[in-house]
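Visitor: I would like to learn how to read a structure feature by feature. Where should we begin?

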Amino acid sequence: MILKSRLSMEAHACGASAYVSGPLTASVAARAILACRALPPRVRALRVDLRGVSVCDADALTMLEVLLIEWRTERRGVTRIAYPP
């Protein structure tokens, strides 16, 4: 069985949400942060929803967390991660 990851984004004037489902791998984490970095500069609030993640690579999760801290610092904004149970 091959598990497929999905990343979707939604944004409004000053905030955005990223939704990840399926396995969280380094490539999915990298895609997520690239999508977040491509958001317009006025977006300063970001929520990453990982509740749909089925399998989590610890290194990928750490990479995502560190890059989100950098994103938050660069934009002087806020980030929040919704972790799976």
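Guide: With charge. Lys and Arg count as positive, Asp and Glu as negative, while His and the chain ends are left out. This is a predicted model. Its chain carries 12 positive and 7 negative charges, and the mean positions of the two sets lie 9 Å apart.

Visitor: What pattern does the chain follow along the sequence?

Guide: Read it in order: β-β-α-β-α-β. That gives two helices and four strands.

Visitor: How does the radius of gyration of the chain agree with a compact globule?

Guide: Compare the value with a rule based on chain length. For 85 residues, a compact globule would have a radius of gyration near 12 Å. The chain has 12 Å, so the two agree. For the extents, take the principal axes: the C-alpha atoms fill a box of roughly 40 × 20 × 20 Å.

Visitor: Which share of contacts joins residues at least 24 apart?

Guide: Start from contacts between residues at least 6 apart in sequence. Of these, 71% join residues at least 24 apart.

Visitor: And what share of the residues is buried?

Guide: Buried means under 20% relative accessible area. By that cut-off, 36% of the 85 residues are buried. The chain exposes about 5,300 Å², and carbon and sulfur atoms supply 59% of that area.

Visitor: Now backbone angles. Which residue has a positive phi although it is not a glycine?

Guide: The general idea: most residues other than glycine have a negative phi. Here R76 has a positive phi of about 50 degrees. Look for R76 in the loop between helix 2 (58-75) and strand 4 (78-82). R76 is exposed, with a relative accessible area of 71%.

Visitor: Next, cysteines. How many disulfides does the structure hold?

Guide: A disulfide is a covalent bond between the sulfur atoms of two cysteines. This structure holds zero.

Visitor: Why is there no bond from C14 to C36?

Guide: Check the sulfur distance. A disulfide calls for a pair of cysteine sulfur atoms within 2.5 Å. The closest cysteine sulfur to that of C14 is in C36, 15 Å away, so it is too far for a bond. Starting from C36, the closest cysteine sulfur is in C14, and the distance again rules out a bond.

Visitor: Are these two cysteines buried or exposed?

Guide: Take each in turn. C14 is partly exposed, with a relative accessible area of 46%. C36 is buried, at 1%.

Conventions. Residues numbered from 1 in each chain as written. Predicted model: local features only at pLDDT ≥ 70, side-chain atom pairs only at ≥ 80, totals over all residues. Heavy atoms only, no water. Rg over C-alpha atoms; globule rule 2.2 N^0.38 Å. Buried < 20%, exposed > 50% of the residue type's maximum accessible area, 1.4 Å probe, protein only. Contact = heavy atoms within 4.5 Å. Areas by Shrake-Rupley, 256 points an atom, 1.4 Å probe, with all protein chains shown as cover. Charge placed at Lys NZ, Arg CZ, Asp CG, Glu CD.
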